[in-house]
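Colleague: Pick one part of this model and take me through it closely. What holds it in place among its neighbours in the fold?

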Amino acid sequence: MKVAIGGPLKVTFRPWVEGLENIPAEGAAILASNHLSFSDSFFLPAVLDRKVTFIAKAEYFTTPGLKGKLTAAFFKGVGQLPVDRSGARGAGEAAIRSGIQVIESGELFGIYPEGTRSPDGRLYRGKPGGLARVALATGAPVIPVAMIDTEKIQPPGKVLPKVMRPGIRIGKPLDFSRYQGMEHDRFVLRALTDEVMYEIMKLSGQEYVDMYATAAKRQIADAAKAEKEADKAARAALAKAEKEQAARELREQAEKARTDKDGTDEERPAS
C-alpha cells in the first residue's frame with residue numbers, strides 16, 4: 001500500500017494534512033471519518049506512517065477468476081478486512097468483531113460512522129452501532145477525521161479522476177471511558193456517536209443533515225424515479241396532444257375541401 005499506491009497518490013494529488021500529531025505513534029485507536037469518496041480509504045492511509053485497517057464487503061475477496069484474485073490481493077494490500085454483509089444484523093456484528101480484533105492487536109481501525117458515502121457532499125447522521133460499540137468494548141480513543149474535497153476527484157459517472165489537492169483534517173482523540181461498560185445502552189451509543197459526528201462536522205465544515213445517508217439515497221433515487229416517470233408521462237401527453245392536433249387539422253382540411261367543392265358545384269352553370 002505505502003509503496004505501490006500511497007507514494008503515487010501523494011505525488012500525483014499532493015493531499016494536504018492537518019493534525020498528524022493527533023495520531024499516536026503506537027497503540028490502538030479508532031479513526032472515525034466522514035465518507036465522501038471511494039478513495040477515502042486510500043488517501044487517509046497514504047498520509048499516515050502507520051497501517052489503517054478498514055472493513056470491506058466479502059465479495060471483494062471471493063470473486064472467482066484472475067480478476068477476482070487481483071481484486072482480493074489489492075484490498076488485502078490496502079488493509080481491508082472482509083465482512084459478510086448477508087443480512088444487516090449479521091453484517092453489523094461481523095464489522096464490530098473485526099474492529100475489536102484490530103484494536104486488540106494494537107492497530108488503527110478506520111470506520112465511517114455514516115455507514116455509506118454521502119450522496120451529496122453533506123454530513124449525515126452517524127449510525128450508533130459499530131463505532132460506539134467498538135469504542136466501548138475496547139476503551140480505545142476515537143480520533144475524528146475529516147476528508148475534504150475527495151468527492152470532487154472522481155464524481156459519479158466519471159471514469160478518469162480529476163487531479164486536484166484533497167485535504168485531511170485530523171482532530172484530537174476523544175475519550176469515552178466515562179461510558180465504559182454501557183455498550184448495550186442505546187442512549188449511550190447514540191450520545192457517543194453524535195459527539196463524534198459533531199467533531200467531524202467542525203473539522204469538515206460540512207452541512208449536517210439529521211437523517212441517515214442510506215435514507216437520503218433512497219429519497220434521491222425515488223425522486224429521480226418520479227422525475228423520470230413524470231417526464232415520460234409528459235412526453236406521452238405531448239405526443240397524444242400532437243396526434244390529436246394533427247387529426248383535427250386533417251378533419252378541418254377535409255371539411256374545407258368539401259365546403260370548397262360544394263361551393264364550386266353550386267356556382268357551376270347548368271348544361
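Modeller: Two strands pair if DSSP finds at least two bridges between them. Helices (H or I, at least four residues) and strands (E, at least two) are DSSP runs, numbered from the N terminus. The model is predicted, so local features need pLDDT of at least 70 and side-chain atom pairs pLDDT 80 or more, while totals for chains, interfaces and linings use all residues. Numbering runs from 1 along each chain, and side-chain values use heavy atoms, without hydrogens or water.

My pick is strand β7, residues 142–148. Its setting first. The protein has eight helices and nine strands. It has 271 residues, of which 37% are buried (under 20% relative accessible area; exposed is over 50%, partly exposed in between; 1.4 Å probe, protein chains only). Take the contacts (heavy atoms within 4.5 Å) between residues at least 6 apart in sequence: 77% of these join residues at least 24 apart.

Now β7 itself. Seven of its seven residues are buried. In a regular strand, side chains alternate between the two faces of the sheet. Here both faces are covered. One side carries Val 142, Pro 144, Ala 146 and Ile 148. The other carries Ile 143, Val 145 and Met 147.

β7 has a parallel partner in β2 (residues 29–33), joined to β7 by four bridges. One of the matches is Ile 30 with Val 142. β7 also pairs with β8 (residues 167–170), this time antiparallel, again over four bridges. There, Met 147 of β7 has Ile 168 of β8 as its bridge partner.

Val 142 repays a longer look. Leave aside its neighbours within four places in sequence. Val 142 is then in contact with Ile 30 and Ala 32, and with Leu 131 and Ala 135. Lys 172, Pro 173, Leu 174, Phe 176 and Val 196 complete its contact list. Of these, Leu 131 and Ala 135 are buried residues of α6. Ala 132, Val 134 and Leu 136 of α6 are buried too. Gly 139 follows that helix, with a positive phi near 75°.

Several of these names return in the largest nonpolar core (buried Ala, Val, Leu, Ile, Met, Phe, Trp, Tyr and Cys joined through side-chain atoms within 4.5 Å). That core has 24 residues. Ile 30, Leu 131, Val 142, Phe 176, Leu 192 and Val 196 have the most contacts inside it. At least two core residues each come from β2, α5 (88–104), β5 (108–111), α6 (130–138) and α7 (186–204). α7 gives the largest share, six residues. Apart from this core lies another, of 23 residues, with Leu 9, Phe 43, Val 47 and Leu 48 among them.

Back to the parallel partner, and the loop before it. Gly 27 sits in the loop between β1 (16–18) and β2. Gly 27 counts as partly exposed because its relative accessibility is 31%. The contrast is with β7, where seven of seven residues are buried. Gly 27 still has contacts distant in sequence: Gly 27 and Leu 108 are 81 residues apart in the chain, yet 7.8 Å apart C-alpha to C-alpha. Beyond four places in sequence, Gly 27 touches Arg 50, Gly 106, Glu 107 and Leu 108.

To sum up, β7 is covered on both faces. β2 runs parallel to it, and β8 antiparallel. Its residue Val 142 is one of those with the most contacts inside the largest nonpolar core.
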